[in-house]
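Good morning, everyone, and thank you for making the time. I would like to go through one structure with you, so please bring it up on your screens before I begin.

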Amino acid sequence: MKAHNLTILSEQTSQLYGAVNKGIIATVINSIILTVVLWSYISHIILLIWLISILLISIFRYLLAIKYINTSTDHTPDKMNIWRQRFLIGSVTAALLWGTASIWLFPKDDLPRQVFLAFVIGGMAAGSIISLSYLKVAVYSFLCITLIPLLIRFFYSENELSVAMGSMILLYFLVLIQAAKQTFNTNIQNISMRIENIQQLQSLNESEHRYETLLETATDAFFLHDLNGSFINVNNQACQSLGYSKNELLTMSVEDIFELTEKEKYMNAWSDLKAGENIRVEAMHRRKDGTTFPVEASLGLVVIKNKPLLSVLARDVTDRKRIDKMKNEFVSTVSHELRTPLTSIRGSLGLITGGAVGVLPKEAKEMLELANNNTERLLFLINDILDMQKIESGQLEMEFETFNIIPFLNRAVEENDAYAKQYGVKFVLKKIDNDIELCADKSRLMQVMANLLSNAAKFSSENGVVEISTDLQSNDVVRISVTDHGLGIPKDFHSKVFEKFSQQDSSDTRKKGGTGLGLSISKAIIEKHRGRIDFSSNEGVGTTFYFDLPLK
Ligand code: ADP
């Protein structure tokens with residue numbers, strides 16, 4: 001049997017025993033009154049035997065109820081059945097005694113007392129609906145056993161009034177049966193609903209408890225705050241990491257735990273957030289003692305009782321930052337240490353292969369040229385790594401100046417022409433808008449152009465043409481584009497193009513060399529100019545890389 005049904009059965013049984021007392025009180029009072037009223041009309045012996053029997057059965061039922069309540073903690077389903085049977089014995093015996101009243105206590109020639117007897121038995125039958133309607137068999141048997149002898153008794157009397165009484169009792173009996181059925185159904189429904197409510201409440205409590213435990217044992221600090229920033233809930237870890245008590249934090253707001261400079265960044269981050277979305281923000285938290293530490297916070301918008309709230313999980317990233325710093329310092333030191341000797345090696349190799357120290361044997365020249373090329377590639381890599389490191393540590397400084405776009409693009413073409421020639425590629429300046437003055441870091445922008453032009457040349461087919469053009473997007477934004485007619489970029493690589501160290505994984509690309517850092521650095525430089533870099537590409541047709549720069 002399902003757990004739910006078992007719970008209903010046990011609740012039914014408890015209700016039966018709970019209502020026993022009402023039935024007993026009614027039985028005792030009614031049986032005594034009936035005995036008194038019939039005292040002069042029925043043999044005293046019969047009356048007393050009946051009264052004593054009914055009192056004894058009432059005592060039995062009362063004791064049974066007490067025992068049931070005292071042992072209610074160990075009621076297994078089997079025991080429940082036994083308790084229901086015991087109850088039934090009590091109620092059927094009581095019904096039998098009321099039924100026998102219609103036979104033994106029926107005052108033959110006294111209609112008023114007959115009516116009184118019918119009134120008392122009918123009242124007991126009606127009362128049974130309240131106290132016995134948790135068990136169908138109990139209430140039906142009580143109604144049948146108490147009322148059927150009475151109505152037979154009336155029908156068998158010769159007088160017409162008695163027959164009329166009998167008919168009324170029959171009608172009354174049918175109505176009571178119907179009422180018992182309805183009361184039983186309503187009782188079961190109520191019990192079932194009550195059990196469901198209790199179960200729902202229990203599972204709600206359990207999940208609340210699980211959620212609390214999860215939060216309190218989390219290693220990240222948790223904050224729940226409203227859109228004004230006032231805290232609504234925080235976990236243990238939040239208190240520990242900030243040095244405040246929970247009560248203190250619950251009277252504070254995000255403003256109190258953020259560095260002032262960080263507050264705006266944090267507020268901006270969640271102003272556009274939609275329910276179900278998640279964003280990550282790096283910020284600095286301030287402890288109660290004034291010291292600060294870096295955190296990586298993950299923010300989500302949740303709606304609780306129609307109120308939008310922000311749930312924040314903040315992780316202390318002090319250790320990670322320290323390790324990152326150490327790693328960056330190491331990379332930076334190694335790169336700097338390598339760059340100086342490599343530059344001098346490349347200089348010497350260039351001079352030797354250029355014939356500065358005399359004519360070299362052909363084989364020696366070829367080998368030195370190879371060494372020169374590889375040294376150059378190593379220098380590119382080192383320069384890119386150093387740039388990347390500057391970008392990541394926020395040390396990429398910009399020196400803005402105003403200059404005209406035409407000489408700038410001409411120089412970009414000139415400087416990269418030799419590289420393009422290696423691939424048999426030609427740069428063509430097309431559709432250049434005159435009179436455009438850029439305000440930018442010229443050498444950094446030249447670095448971006450060098451990257452785009454060298455990529456375009458590198459990935460063009462032989463004898464290909466690479467076009468450079470400008471296009472005014474609006475009064476204050478200019479677009480500079482570099483278009484090649486090469487292999488194009490496969491769709492599945494589009495999302496990775498600007499990632500660090502990303503190169504399309506084909507032997508062809510690998511053969512062409514490169515570090516996979518160029519576009520990532522270009523993106524950072526353009527963004528430092530408050531611009532945007534992007535591309536469009538068709539496989540087999542070609543690629544256009546472009547960047548938009550604000551003119552003011
Ligand atoms: P790399 O030093 O490898 O050129 P980049 O960051 O400049 O590094 O470019 C990353 C990758 O993007 C390249 O390796 C190449 O796979 C792809 N790519 C960039 N420009 C083009 C282009 N014009 N045509 C085809 N693929 C390109």
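I will start with the overall form, go on to the domains, and end with the surface and the charges.

Please keep in mind throughout that what we have here is a predicted model. To begin with the dimensions, the C-alpha atoms of the protein chain occupy a box of roughly 155 × 55 × 50 Å along the principal axes. The radius of gyration is 48 Å, whereas a compact globule of 552 residues would be expected to come out near 24 Å. Within that outline, the secondary structure of the protein chain amounts to 17 helices and 12 strands.

Turning to the domains, the assignment divides the protein chain into domain 1, covering 2-185, domain 2, covering 207-316, domain 3, covering 324-392, and domain 4, covering 401-550. If you look at domain 3 and domain 4, you will find their C-alpha centres 24 Å apart, and the contact between these two takes 9 residues from domain 3 and 10 residues from domain 4.

How many of the contacts in the protein chain between residues at least 6 apart in sequence join residues at least 24 apart? The figure is 64%.

As for the surface, 40% of the 552 residues count as buried, and the protein chain exposes about 30900 Å², of which carbon and sulfur atoms supply 57%. Finally, on the charges, the protein chain carries 56 positive and 60 negative side chains, and the centres of these two sets lie 7 Å apart.

Technical notes:
Residues are numbered from 1 along each chain as its sequence is written. This is a predicted model: local features need pLDDT of at least 70, side-chain atom pairs count only at pLDDT 80 or more; totals for chains, interfaces and linings use all residues. Side-chain values use heavy atoms; hydrogens and water are left out. Helices (H or I, at least four residues) and strands (E, at least two) are DSSP runs, numbered from the N terminus. The radius of gyration is taken over C-alpha atoms; the globule rule is 2.2 Å times the number of residues to the power 0.38. Buried means under 20% relative accessible area, exposed over 50%, partly exposed in between (1.4 Å probe, protein chains only). Contact means heavy atoms within 4.5 Å. Accessible areas come from the Shrake-Rupley method with a 1.4 Å probe; for residues, only the protein chains shown count as cover. Lys and Arg count as positive and Asp and Glu as negative; His and the chain ends are not counted. The place of a charge is taken as NZ of Lys, CZ of Arg, CG of Asp or CD of Glu. Domain bounds come from an automatic or database domain assignment.
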